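Opened the notebook to look at helix packing and aromatic rings. Let me pull up the structure before I write anything down.

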Amino acid sequence: MTGLHDQLAGFARAIDAGEPLGHIGPRTGLDVYAAAWRENRVTALALTYATVRALTGEAFFQAMATRFAESHPSRSGNLDDYGRGFADFISTYEPVAGLPYLGDCARLDWLCQESLLAPDAVCAPLDALTSLPEAAYPGLRFALHPALRLLRSDYPVFRIWRLCQQPDGEGEAVSLDAGGESVAVARDGGRVAVWCLQPAEYAFVGSLEQGCRIEAAWETARAKDADFAPDRILSWLAASGLIVAWQTGDL
């Protein structure tokens, strides 16, 4: 007798890949369901990866997403979770080998999705910082908002992303010779926003996100820019509600 585990595994394979069901049941109805389920996954990819879709065109994106959906079954009943590995898939997908930046554009799209769905958190009151003795400043640690995401790319992903936000691709053309860019992604009100960071700013925020003391984060940033001062980026983090806790010891 076939065990329940084997039956459920066969059922899942049938839905994802249309494999024969054997004794599990008739094919006709399940064929329709399996096709609809694959189509739902392709639709979910199209919604999440809007930048990639804008760059490749609708027909090409549909074909590429269908190929991904056929080889990457869903691991969750929530389609918001589907597509995590799409950027890695794109990076090895031969038809887009001439678009080396596309994988990082997909990574940015996925970070936007993660940021949108991340838990909420209340920004920390920062007034008390003004009463701290100066000697306590180097030991400050900041906990940053769970919706914050960071990405560094060898390509101008921010400018590409911004161009794709324009209707019909209107806007200044992007040259790949412009070099790489670093971005921060977070929620801004009810939407997801993307900001371009300078290399030192990216290093500073990344260090804070990892739990480093502000002095160590500053030193990391100064390795990128000897003249880096943290006041501007700290003001941005505070104004954007991205500092959710702080203390002078370990968080």
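I started with a charge over a ring: R222 sits over the face of W218, 5.3 Å from the ring centre. Note to self: this is a predicted model, so every number here is computed from predicted coordinates.

Next I went to the helix that holds W218. I looked up how α8 (residues 199-209) and α9 (residues 214-222) pack, and got an angle of about 150° with the axes 8 Å apart. The cut-off for roughly antiparallel is over 145 degrees, so α8 and α9 count as roughly antiparallel to each other. I noted the hand as well: α8 passes α9 in a right-handed crossing. Who touches whom? On the α8 side I listed A200, A203, F204, S207 and L208, and on the α9 side I214, A217, W218, T220 and A221. So W218, the residue with R222 over its ring face, is also part of the α8 contact. I sorted the residues of this contact by type and got 8 nonpolar, 2 polar and no charged.

α8 has another partner, so I checked α10 (residues 231-239) too. The axes of α8 and α10 come within 10 Å and cross at roughly 55°. That makes the pair oblique. The crossing is right-handed here. From α8 I wrote down E201, F204, V205 and L208, and from α10 R232, I233, L234 and L237. By type, the residues of the α8 and α10 contact are 6 nonpolar, no polar and 2 charged. Going back over my lists, F204 and L208 turn up in the contact with α9 and again in the contact with α10.

Then I moved to another helix pair, α6 (residues 102-117) and α7 (residues 157-165). Their axes come within 10 Å and cross at roughly 70°. With 65 to 115 degrees as the window, α6 and α7 are therefore roughly perpendicular to each other. α6 passes α7 in a right-handed crossing. I found D104, C105, L108 and C112 of α6 meeting V157, I160 and W161 of α7. The residues of that contact split into 6 nonpolar, no polar and 1 charged.

Last, the rings. How many aromatic pairs does the structure hold? I got 12. I then asked which residues form one aromatic cluster, and the list came out as Y49, F60, F61, F68, Y82, F86, F89, Y93 and W110.

Key: Residues are numbered from 1 along each chain as its sequence is written. This is a predicted model: local features need pLDDT of at least 70, side-chain atom pairs count only at pLDDT 80 or more; totals for chains, interfaces and linings use all residues. Side-chain values use heavy atoms; hydrogens and water are left out. Axes are lines fitted to C-alpha atoms, for helices over the stretch in contact, and angles run from 0 to 180 degrees between N-to-C directions. Helices (H or I, at least four residues) and strands (E, at least two) are DSSP runs, numbered from the N terminus. Angles under 35 degrees count as roughly parallel, over 145 as roughly antiparallel, 65 to 115 as roughly perpendicular and the rest as oblique. A crossing is left-handed if the near helix is turned anticlockwise from the far one by less than a right angle, and right-handed if clockwise. Contact means heavy atoms within 4.5 Å. Ala, Val, Leu, Ile, Met, Phe, Trp, Tyr, Cys and Pro count as nonpolar, Asp, Glu, Lys and Arg as charged, and the others, Gly among them, as polar. Rings of Phe, Tyr and Trp (its six-membered ring) pair if their centres lie within 6.5 Å; planes under 30 degrees apart count as stacked, over 60 as edge-to-face and the rest as tilted. A charge sits over a ring if NZ of Lys or CZ of Arg is within 6 Å of the ring centre and within 35 degrees of the ring normal.
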